[in-house]
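Colleague: Hi! Could you open the model and walk me through it?
Modeller: Sure, here it comes.

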Amino acid sequence: MRSENAEPIRLEDYTPTPYTLDRVELNFNLVPDATIVTSKIYLAPRTPEDAGKPLVLDGDELELVSVEMNGRALSADSYDATASQFTLKTPPETAFSLEITTKINPQENTKLMGLYRSSGNFCTQCEAEGFRRITYFYDRPDILAVYTTRIEAEKKAYPVLLGNGNPKEAGDIEGTDRHFAIWHDPHPKPAYLFALVAGDLGCISQKFTTASGKPVDLNIYVEHGNEDRADWSMDCLVRSMQWDEKVFGLEYDLDVFNIVAVSDFNMGAMENKGLNIFNDKYILADPETATDVDYEGIETVVAHEYFHNWTGNRITCRDWFQLCLKEGLTVFRDHEFTSDERSRPVKRIADVKVLKNHQFPEDGGPLSHPVRPEVYKEINNFYTATVYEKGSELVTMIKTILGADGFKKGMDLYFERHDGEAATIEDFIKSFEDATQTNLSQFALWYSQSGTPQLNVAGEYNEQAKTFTLKLEQSTPPTPGQDIKRPFTIPVRFGLVSPNGEDMAYSSSEGAEVRGDLILLTEASQTVVFHGIGAKPVPSLLREFSAPVKLATNLSSDDHLFLMHHDNDPFNRWQSAQTVATDLTIALSKGAETPALSAFLEAMKAIAEDDALDNAFKALALALPSEGDVARELGNNVDPEAISIAHLTLRQKVGEALYSTFQKLYESLAPSGTFSPDAKSAGNRALRTRTLSYLNAAQSDNSAPLTRAHFETADNMTDRIAALNVLVHERVDGYKDALDAFYQRHKDTALAMDKWFMVQATSPAEDTLDTVKALTEHPAFAWGNPNRVRALIGTFVAANQRRFNALDGSGYTYLAQTVLKIDQNNPQLAARILNAFRSWRALEPTRQGLAKAALESIIEADQKLSPDVQDIAERCLQ
Ligand code: BES
Ligand code: ZN
């Protein structure tokens, strides 16, 4: 049921509040179903003109208990209080305080926003608008206040009481079974960074000394019994702190840094000041339950949330339109961190895969929006791949355009100017402009114009003149609300690869601006002529993926195969392999000829046998493009089943052609010594399991002895789950026994059980939807746990292209029904899962019709929709 349409929020309407609010004293009397919150806030008219204007505070599902002004009860006619708003009709004309008492029910809070319970503990999530579910407040990021928080709870059930900032005081409450703790955070912060935890938790601790000699206590809190699984996170935290000091010159600024892991969490983790709260998926790891991917994910998320302490907390956002100011920049920083800690090219490939798999489809469909949106109805729906991943790409481009030194100067100036403020994208860009005397006004279009630019490049060699000419054209498809787009500044990193595989020097160039190995495009159509080119080169374009664009060139498949062998940019070696493999998959899916196949197989073999290559890189270069990659390349009239079949065919062909090569690799990579999650060991495992899946695809014996042995002898989760995937997806004899064995082994470890659900949800088997439905009845399934729902339902709709897009529409109907069910408890989770429809218009006509009907059935359902789900459904249908 469509609910009355809420008015959209617009960037252009931004206005400061009529009152300032710079100090808060909170008191929490924690009781599971009736927590009493008292909030004393200190207010003053912002300007003389504001004096006397009504004071309007945000609320959400609140019950007012009492309110006092300047220490005296207010008369009932001087204010209005509903569940979602508090209005003081005529406030005093000078500074005043309000003491507001509300009653909330954490026990029944299934939205996991505000104060809620997870595994019997109390915790909070306030970004973006959760603080208003705790007390009436100016719940917006430009209100920066100093918080003091007193927490009181029963001592036995909740021995640990944590707040933001530094601990000040703690003790028992005489004559009761309760105790209290007082925390003070000296750094002014917006309400979305508020946090509190009360519970019975175990903890690991470590001392850290900052570069300037300040001691900091680091603590990671987990459920009792999980302490041993937090060591890796602590290691990641320490390395993150050291890296931020070394690379950005940024130090930590409190006496303690606490992290708490909880098992019910809507997102990955949250950067609350001095008290990060994490989905336990991004804290807990041991070889038995976590894969190499999990270890790396933990490293990323721990670093990301820590880095927010400066990019997000010390400098926050003026309003939620500026979300990429903290998120895009912090993603950039966590990418840089991983690149420095591990392999830069491998990380670049992984990040571009995420960008192309998530952001490109979003930007090419009905949910497309600029990196800095200008209008929204539900802010929770704008924590998107565009804001995060494309937002990070824009920072990378700034660094590419200004160079490392210019970038550093700009960042330093940004911190110097805006520390302690709520800033905007304009502030950020201006810092780079002023620090380097560069005009970035055209570059800034990347923040306001949505859509993925198409970049077409044609190269031509002139033997007589010894010139090589590149003709470059850019255009960006129209998106809702943006019909005509101006050309972007596009940095194109390139090399002219000579027949012997080396980059050729050029004597001079004319046309578009060229700086060394960088072409800076600024117009819709430009040409560059390189002089002094002795032999016909193969241009390697967009090296390191220097701009988030779709590239089309006049290179032949022979040229791509040449670059696959010879490019000295590892990213483009990988990209060339992907380009050829994507073309082959498309041809196979259409029953067309595949003349490039044998040369492609040769090139794959050469990569597999190249001892100079790093194994993590090899594992990526030997991977075929995903079904989603192929669908995206096609762009329209997509038939996911045909793509899936073609994908499996190509995999089998590679497996057959390279069988003995893969066999040798598989054997040579047999593990030795004890498990270590380091990048090199992880790379070896990734390559070995890649060969395993090819070897399995190529053999006709359905008992798959190699894969079964891999499963049975695995001494770590990475190997065990990789083998289980193959066994289940290929329906190898005895695959059900393997599933049972996994279940018995891991049934008491939630994060491992999530993998058991995922393996089954991603099977290409025809009855997978029935399996998914049956698994929702399994005793281990829980609708209230977001990780579990994502593992089963989220994975089925987002990662099983073939079965979600079943031709009878059953996958779409199931998604619609399931979203309606989840929406009644957890709208944010429901809306995320509904994103699976974002590319429905690219499908072939029959599936399009079915997907559209399913989306309409959500809007017309006989239940009140959350703003979250309504917003996604409506925009998908627009
Ligand atoms: N600030 C976000 C968490 C968040 C997102 C809270 C949306 C409320 C609504 C946090 O810094 C974040 O971005 N977390 C990511 C992981 C990160 C490594 C990109 C997440 O939770 O997925
Ligand atoms: Zn973040």
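Modeller: What follows is a chat about a predicted model.

Colleague: Great, let's start with the metal. Which residues coordinate the zinc ion (ligand 2)?
Modeller: The zinc ion (ligand 2) is held by NE2 of His304, NE2 of His308 and OE atoms of Glu327, at 1.9 to 2.8 Å.

Colleague: How are the donor residues spaced in sequence?
Modeller: The pattern is H-x3-H-x18-E. His304 sits in helix α2 (residues 292-307) and Glu327 in helix α3 (residues 323-341), so the pair links parts of the chain 23 residues apart.

Colleague: Is the site of the zinc ion (ligand 2) irregular or octahedral, and why?
Modeller: The site is irregular, with angles of 52 to 161° among six donor atoms. Six donors count as octahedral only if opposite ones are over 155 degrees apart and all others lie between 65 and 115, so an angle of 52° rules that label out.

Colleague: What would ideal angles look like for six octahedral donors?
Modeller: They would be 90 or 180 degrees.

Colleague: Are His304 and Glu327 buried or exposed?
Modeller: His304 is buried, with a relative accessible area of 7%. Glu327 is buried too, at 2%. Both values count as buried because the cut-off is under 20%.

Colleague: Okay, on to ligand 1. Which residues come nearest?
Modeller: Of the 15 residues around ligand 1, the nearest are Glu127, Gly268, Glu271, Glu305 and Tyr388.

Colleague: Which N or O atoms of the protein lie by oxygen atoms of ligand 1?
Modeller: Among them, a backbone N or O atom of Gly268 is 2.5 Å from an oxygen atom of ligand 1. For a backbone N or O atom of Ala269 the distance is 3.2 Å. Glu305 uses its side chain, with an N or O atom 2.7 Å from an oxygen atom of the ligand.

Colleague: How much of ligand 1 does the protein cover?
Modeller: Ligand 1 has 510 Å² of accessible area on its own, and the protein covers 88% of that.

Colleague: Where do the shell residues around ligand 1 come from?
Modeller: β20 (269-270), α2 and α3 each supply at least two of them. The largest share, three residues, comes from α2.

Colleague: And how many are nonpolar, polar or charged?
Modeller: The shell around ligand 1 divides into six nonpolar, four polar and five charged residues.

Colleague: Any backbone oddities to look at? What about the peptide bond from Glu127 to Ala128?
Modeller: That peptide bond is cis, with omega near -5°. Ala128 is in the loop between β11 (121-125) and β12 (145-154).

Colleague: Which residues other than glycine have a positive phi?
Modeller: Asn70 is one of them, with phi near 45°, and Ala704 is another, with phi near 40°.

Colleague: Where do those sit, and are Asn70 and Ala704 buried or exposed?
Modeller: Asn70 lies in the loop between β5 (63-69) and β6 (72-73), and counts as partly exposed at 45% relative accessibility. Ala704 is in the loop between α15 (679-698) and α16, and is buried at 1%.

Colleague: Since you mention α16, where is His710, and what does its side chain contact?
Modeller: His710 is in helix α16 (residues 705-713). A polar contact of 2.6 Å joins the side chains of His710 and Tyr666, and His710 is buried at 3% relative accessible area.

Conventions: Residues numbered from 1 in each chain as written. Chains lettered and ligands numbered in written order. Predicted model: local features only at pLDDT ≥ 70, side-chain atom pairs only at ≥ 80, totals over all residues. Heavy atoms only, no water. Donors = N, O, S within 2.8 Å, 3.2 Å for Na, K, Ca; no water. Tetrahedral: all angles 85-135°; square planar, octahedral: opposite > 155°, others 65-115°. Helix = DSSP H or I, 4+ residues; strand = E, 2+ residues; numbered from the N terminus. Buried < 20%, exposed > 50% of the residue type's maximum accessible area, 1.4 Å probe, protein only. Near = heavy atom within 4 Å. Polar contact = N/O pair within 3.5 Å; in protein donor to acceptor, adjacent residues only side chain to side chain. Areas by Shrake-Rupley, 256 points an atom, 1.4 Å probe, with all protein chains shown as cover. Nonpolar A, V, L, I, M, F, W, Y, C, P; charged D, E, K, R; others polar.
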